[in-house]
Number of protein chains: 2
Amino acid sequence: MKSILKKLITNGILSPHEISSIQIKETKINKGTILQRAGEPGGRAFYVKEGLVRAYTIDEKGKEHIFMFASEGWMVSDFEWRENAPALLFVDCIEDSLLEIIEQNDIIKLNRLFETKQVPNQINQLMNRIRVLQKRIILLMSADTLTRYEDFIETYPDIVQRVPQRMIASYLGVTPEALSKIKSKMLKKH
Amino acid sequence: MKSILKKLITNGILSPHEISSIQIKETKINKGTILQRAGEPGGRAFYVKEGLVRAYTIDEKGKEHIFMFASEGWMVSDFEWRENAPALLFVDCIEDSLLEIIEQNDIIKLNRLFETKQVPNQINQLMNRIRVLQKRIILLMSADTLTRYEDFIETYPDIVQRVPQRMIASYLGVTPEALSKIKSKMLKKH
DNA sequence: CAGCTGCATTAATCTAGATTAAGAATTCTA
DNA sequence: TAGAATTCTTAATCTAGATTAATGCAGCTG
């Protein structure tokens, strides 16, 4: 029995019978192997039993931004589990590793099982929040203030109207002066 | 029936009887009212039914860093729910608001109920991850590279040993050159 | 062993955004 | 409605960290 699934069964959420339809491969992976590429569909989840794995993005300039390291006992996933959704993160092995790999369709199957158990709201809400935080970290590490501001306007158009500029600046991680400068730059470019 | 609890019952996780011991206040709050102060124990959860709320930190220089805005339908909490844990975030109202406020001891009670239902692992793991991401965002917004590096060493001492410098730089959101400079600065101060 | 490739360090510039300061516009509030 | 208090903007500096570039070190590999 593989450890992630064992936990679920122990939780009493799923019975061994329900689990049996889901396959989890335990695989040895060599250092340097790329497990997942951003932009490609079929994002998976990786549970690290041994070794060290990293998840990262690559920006337009080709620069890598590491979102997380995962060593023994950690789980890596970008939680992009809608069908055919492109992965957000690259994942590769920093050390030779022993991983449990959960394929996307199995994750979707798992989610469906959860739904029949009526557990989903809690878990899906939390995963949603994780996705939001994940995106924010990536933007803070890789994007300049203008890009982050444009993204904010697009993501929270209603909040922009209801909040003073200085608070938006404070959310973006810059001074009000910097945001003001950027806004006038945007107007000039109209 | 208040909406958050209604969701839980609808989920079939808790019965109306189990819910009955938990009190949730629905409260009108005036613009500007501070709901929670960082450092003080008894962090609560706030569900926004109407209005607009923000969660933020204040750094040593007195500068505010907004972690999130929450409008209708959003939940605000820093997920610091160990008994007597000091809150990490300030929370206040940007607009007159109608909130459901869940007190810390009720959250702890809720968690205990979840445990008896054996749902906890999933949810607690996800909340843990949220706490980690939250801390990272706050540090990215408010702390300089040296501080973030020191925090990384403290939080992941094992990873430091197993990963090349350039990857730590990439995780911190700076160039390898900047991290190298900081390290030599640390040595000079010994 | 020599040559190649990736990593770390140092140093010289450069720049996005911080800081400081001051004026104009807007919104409380008495 | 006047005065006070915020907020926004603009402009002049300043600085942390980016960029560029050069050097020294491993580790591999043929």
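Which residue lies over the face of B:Y171, and at what distance from the ring centre? It is B:R136, at 3.7 Å from the ring centre. A charge counts as sitting over a ring if NZ of Lys or CZ of Arg is within 6 Å of the ring centre and within 35 degrees of the ring normal. The charged end of B:R54 likewise sits over the ring of B:Y56, 3.9 Å from its centre.

A word on conventions: this is a predicted model, in which local features need pLDDT of at least 70 and side-chain atom pairs count only at pLDDT 80 or more, while totals for chains, interfaces and linings use all residues. Residues are numbered from 1 along each chain as its sequence is written, chains are lettered from A and ligands numbered from 1 in the order in which they are written, and side-chain values use heavy atoms, leaving out hydrogens and water.

**Aromatic pairs**

Over all chains, the structure holds 14 aromatic pairs. Rings of Phe, Tyr and Trp (its six-membered ring) pair if their centres lie within 6.5 Å; planes under 30 degrees apart are stacked, over 60 edge-to-face, and the rest tilted. Here are two of the pairs:

| Pair | Centre distance | Plane angle | Class |
|---|---|---|---|
| A:Y56 and A:F90 | 5.4 Å | 20 degrees | stacked |
| A:Y156 and A:Y171 | 6.4 Å | 80 degrees | edge-to-face |

A:Y56 counts as buried because its relative accessibility is 3%, and A:F90 is buried too, at 14% (buried means under 20% relative accessible area, exposed over 50%, partly exposed in between, with a 1.4 Å probe and protein chains only). A:Y171 is also buried, with a relative accessible area of 10%. Ring pairs also link A:F69, B:F152, B:Y156 and B:Y171 into a cluster.

**A neighbourhood in chain A**

A:L35 has contacts (heavy atoms within 4.5 Å) with several residues, not counting those up to four places away in sequence. Among them are A:I29, A:F46, A:V53 and A:L99.

**Around DNA strand C**

Turning to the nucleic acid, 16 residues surround DNA strand C, and the closest include A:T175 and B:Q165; a residue is near a strand if one of its heavy atoms lies within 4 Å of it. Of the strand atoms within 4 Å of the protein, 73% belong to sugar or phosphate and the rest to bases.

A polar side-chain atom of A:T175 lies 2.9 Å from a phosphate oxygen of DNA strand C. For B:Q165, a polar backbone atom is 2.7 Å from a phosphate oxygen of that strand. Such polar contacts are pairs of N or O atoms within 3.5 Å; within protein, one must be able to donate a hydrogen and the other to accept it, and residues adjacent in sequence count only if both atoms are side-chain atoms.
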